[in-house]
Amino acid sequence: MVIVDNFYDILKQLIKVPSVVGHEHSFFMYLKKELENLNINVEYYDGVLVAKGNEPSSGYISAHSDRHGLICTGHNEFQYAAFIAKNQSDLNNTLNTYQMLKNFEKRFVNQKVQAYEPWSGSYLGMGVIENAFLCERRKNIIFNINEFGHLFPGTPIAFVDKLVSDNEMISAQLDNVLSVALLVYMYELGYQGTAFFTASEEAGKSWRFLLEYFRRFDISTNELLVLDTSPYKTIEDIKNLDIVLRNRDENGYFRSPLKSKIKKIALKNRIKYHYKDEYLKNIMKSNNTTGSLGVTELGRIIHASKGQIQGTTLQIPTIGYHTVEETASIQSVNSILTVLKKLYLE
């Protein structure tokens, strides 16, 4: 099984362009050029790049453009970008944040990283993470990196990454450059609707930028489709699942005609799916525990707009979430492309 060559080339190139959460401008500029080369109109607003085909109201699809990385916060001091102090207000309601950081603490030791100028994207040097520890006082991971003593505070540092693939799986820091590549490819295939590329999703802020866009132009819709990846624990989990759907998240129910349309497409094309909220409920029931159903960009928008903006999510199951070895099956990529083509191109 292989990925369509053009899609593979798009994804491979986008992965090379750094886009640390909160410092996406240079990635947006690269993406803007790529889309304009396809004769797509592109508008840039605070926190969101908006692409429009010839029929902009024929579809509304969103994907976040930021990826995890580090920020220089002082001389030879580097912190996990999504959890620096200025982002905490948007992440305070995220359950198990502290445990998440504990899990990440040693994950990136020996990882190659590259620093870049946030506006131009100019390369500022390469280093290696030598150590990392969770600071109890600042509630963030502090990284030790060689070769970066010359950097000023505010400099973003991206994980050095490339796409690895075989006949069944692809691996990289896929969240969420994979969805960005899907949207660019959809425009290559003839999609004429609107696509939103949002910033700072990993810091819990992207929904604000997207909702502000809808309010700016007094747009309402019940067919906003949000693309993303969705984490699972084992390779067996993702081998038995092609796409991930949702009925709801912690913030609200998803009420959209897109839900039934996607389900019909999946059944007709033998695409394996489940609903993540039901999956999580079943796990909690079997373990006799309680927990979160997850927080999504869409759920926050539905809640804040009081249902004026509605839609659903469409996700690719992965393992190795939030690492440069995040892995998805090629079958899942092909399945989500099938769904997108049948929704918007047929």
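Which residue lies over the face of Tyr253? In this predicted model, that place is taken by Arg248, at 4.5 Å from the ring centre. A second charge of this kind is found at Phe217, where Lys52 lies over the face of the ring at 5.7 Å from its centre. These two contacts make a good way into the aromatic side chains.

Aromatic pairs number 19 in the structure. One of them joins Tyr187 and Tyr191, whose ring centres are 5.1 Å apart and whose planes meet at 55°, a tilted arrangement. The two tyrosines, Tyr187 and Tyr191, are both buried. Another pair is made by Phe196 and Tyr213: with 5.3 Å between the centres and 65° between the planes, this pair is edge-to-face. Phe196 belongs to strand β12 (residues 194-198) and Tyr213 to helix α6 (residues 206-216), so their contact ties together parts that lie 17 residues apart in sequence. Phe196 and Tyr213 are buried as well. The two rings also belong to a wider group, for Phe196 and Tyr213 form one aromatic cluster with Tyr45, Tyr60, Phe214 and Phe217. Phe217, the ring faced by Lys52, is thus met again as a member of this cluster.

Helix α6 deserves a look of its own. Its buried residues are Ser206, Trp207, Phe209, Leu210, Leu211, Tyr213 and Phe214. Two of these, Tyr213 and Phe214, are cluster members. Just after α6, Asp218 takes a positive phi of about 55°.

From the cluster, Tyr60 leads on to strand β3. All 5 of the 5 residues of β3 (residues 60-64) are buried, so the strand is largely enclosed by the rest of the structure. In a regular strand, side chains alternate between the two faces of the sheet. In β3, Tyr60, Ser62 and His64 point one way, while Ile61 and Ala63 point the other way. Which strands does β3 pair with? One is β12, joined to β3 in the parallel sense over 5 bridges. Within this pairing, His64 of β3 stands opposite Thr198 of β12. Another is β13 (residues 221-231), which runs parallel to β3 and is joined to it by 3 bridges. Here Ile61 has Leu225 of β13 opposite.

Attention now turns to the pockets. The second largest pocket has a volume of about 360 Å³. Its lining counts 22 residues, and those closest to the centre are Gly22, His23, Glu24, Ala199 and Ser200. Helix α2 (25-36) and strand β1 (41-45) each contribute at least two residues to this lining. Sorted by class, the lining holds 12 nonpolar, 6 polar and 4 charged residues.

A separate sheet is built from 3 strands, in the order β10-β11-β19, with antiparallel pairing, and this sheet is open. The edges are held by β10 (164-165) and β19; each has a single partner strand, so one side of each is left without a neighbour in the sheet. Between β10 and β11 the antiparallel pairing runs over 2 bridges, and Val164 stands opposite Ser171 of β11.

Several backbone details complete the picture. The peptide bond from Asp175 to Asn176 is cis, with omega near 0°. Asn176 is found in the loop that runs between β11 (169-172) and α5 (177-189). Elsewhere, positive phi values occur in residues other than glycine. Lys306 has a phi near 55° and sits in the loop between α10 (297-304) and β18 (309-318). His322 has a phi near 65° and lies in the loop between β18 and β19 (326-329). Are these two loop residues buried or exposed? Lys306 has a relative accessible area of 79%, so this residue is exposed. His322, by contrast, counts as buried, because its relative accessibility is 7%.

Terms used. Residues are numbered from 1 along each chain as its sequence is written. This is a predicted model: local features need pLDDT of at least 70, side-chain atom pairs count only at pLDDT 80 or more; totals for chains, interfaces and linings use all residues. Side-chain values use heavy atoms; hydrogens and water are left out. Rings of Phe, Tyr and Trp (its six-membered ring) pair if their centres lie within 6.5 Å; planes under 30 degrees apart count as stacked, over 60 as edge-to-face and the rest as tilted. Buried means under 20% relative accessible area, exposed over 50%, partly exposed in between (1.4 Å probe, protein chains only). Helices (H or I, at least four residues) and strands (E, at least two) are DSSP runs, numbered from the N terminus. A charge sits over a ring if NZ of Lys or CZ of Arg is within 6 Å of the ring centre and within 35 degrees of the ring normal. On a 1 Å grid over the protein atoms alone, a cavity is a set of points where a 1.4 Å probe fits but cannot get out, and a pocket is an open set with protein on both sides within 12 Å along at least five of seven lines; lining residues have an atom within 4 Å of a point. Grid points are joined across faces, edges and corners, and a volume is the space filled by probe spheres set on the points. Ala, Val, Leu, Ile, Met, Phe, Trp, Tyr, Cys and Pro count as nonpolar, Asp, Glu, Lys and Arg as charged, and the others, Gly among them, as polar. Two strands pair if DSSP finds at least two bridges between them.
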